Amino acid sequence: ASCYPVPDQPTDLSVTEINPTQVSVTWNVANTSIVKEFRVEYKGLGIHGKEWEIKAIQPDETKTDLKDLVPDSTYIVRVGRFLRRIL
């Protein structure tokens, strides 16, 4: 069996408004050798019926845009990494 270092969690998460219904999300990460994908999850606070929405991002990407947001609302945004299975 081979041993691979566990990739670091994404760091330096930044959210920048593009317009009232769209934001840009960026992050940094080191060691993506066994990362299958990143997932950007977001949901609006106080918006009735809003569940977590999920975007799958390729491991070499460190940016995505979130669109169709509700203006003047607060959102929670989180980024996680999912690893490839190594047998």
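With which residue does R39 form a salt bridge, and how far apart are the closest N and O atoms? In this predicted model, the partner of R39 is E37, and the closest N and O atoms of the two are 2.6 Å apart. The paragraphs below begin with the overall fold and then return to this pair and its surroundings.

The protein chain is built from strands: the count comes to 6 strands and 0 helices. Read from the N terminus, the order of elements is accordingly β-β-β-β-β-β. The chain has 87 residues, of which 26% count as buried. Its exposed surface comes to about 6,000 Å², and carbon and sulfur atoms supply 47% of that area. As for how the chain meets itself, consider the contacts between residues at least 6 apart in sequence: 61% of these join residues at least 24 apart.

A word on confidence is useful before turning to individual side chains. The mean pLDDT of the protein chain is 84, with 86% of the residues reaching 70 or more. In the comparison of confidence within the chain, strand β5 (residues 63–66) is highest, at 96, while strand β6 (residues 74–83) is lowest, at a mean of 88. As a general caution, predicted coordinates should not be read in detail where pLDDT is low.

Charged side chains give the model some of its more readable detail. By the rule applied, there are 2 salt bridges. One of them is the R39 and E37 pair introduced above. The two partners differ in burial class: E37 is buried because its relative accessible area of 15% falls under the 20% cut-off, whereas R39, at 29% relative accessibility, counts as partly exposed. R39 also has an aromatic neighbour, as it lies over the face of F82, at 4.0 Å from the ring centre. The arginine is thus described by two contacts, a salt bridge with E37 and a position over the ring of F82.

The other salt bridge joins the side chains of R78 and E41, with an N to O distance of 2.5 Å. This pair links distant parts of the chain, since R78 belongs to strand β6 and E41 to strand β3 (residues 35–45), with their positions 37 residues apart in sequence. Here too the glutamate is buried, E41 having a relative accessible area of 15%, and the arginine is partly exposed, R78 standing at 40% relative accessibility. Like R39, R78 is placed over an aromatic ring: R78 lies over the face of W52, at 3.7 Å from the ring centre. Among the aromatic residues themselves, the structure holds 1 aromatic pair.

The backbone offers two further points of interest. Most residues other than glycine have a negative phi. Against that background, D12 shows a positive phi, near 55 degrees. D12 is found in strand β1 (residues 11–19). With a relative accessible area of 57%, D12 is exposed, because this value is over the 50% cut-off. A positive phi also occurs at D68, where the angle is about 60 degrees although the residue is not a glycine. D68 sits in the loop between β5 and β6. D68 is likewise exposed, with a relative accessible area of 71%.

Technical notes. Residues numbered from 1 in each chain as written. Predicted model: local features only at pLDDT ≥ 70, side-chain atom pairs only at ≥ 80, totals over all residues. Heavy atoms only, no water. Helix = DSSP H or I, 4+ residues; strand = E, 2+ residues; numbered from the N terminus. Buried < 20%, exposed > 50% of the residue type's maximum accessible area, 1.4 Å probe, protein only. Contact = heavy atoms within 4.5 Å. Areas by Shrake-Rupley, 256 points an atom, 1.4 Å probe, with all protein chains shown as cover. pLDDT = per-residue confidence, 0-100. Phe/Tyr/Trp six-rings, centres within 6.5 Å; stacked < 30°, edge-to-face > 60°. Lys NZ or Arg CZ within 6 Å of the ring centre and 35° of its normal. Salt bridge = Lys/Arg side-chain N within 4 Å of Asp/Glu carboxyl O.
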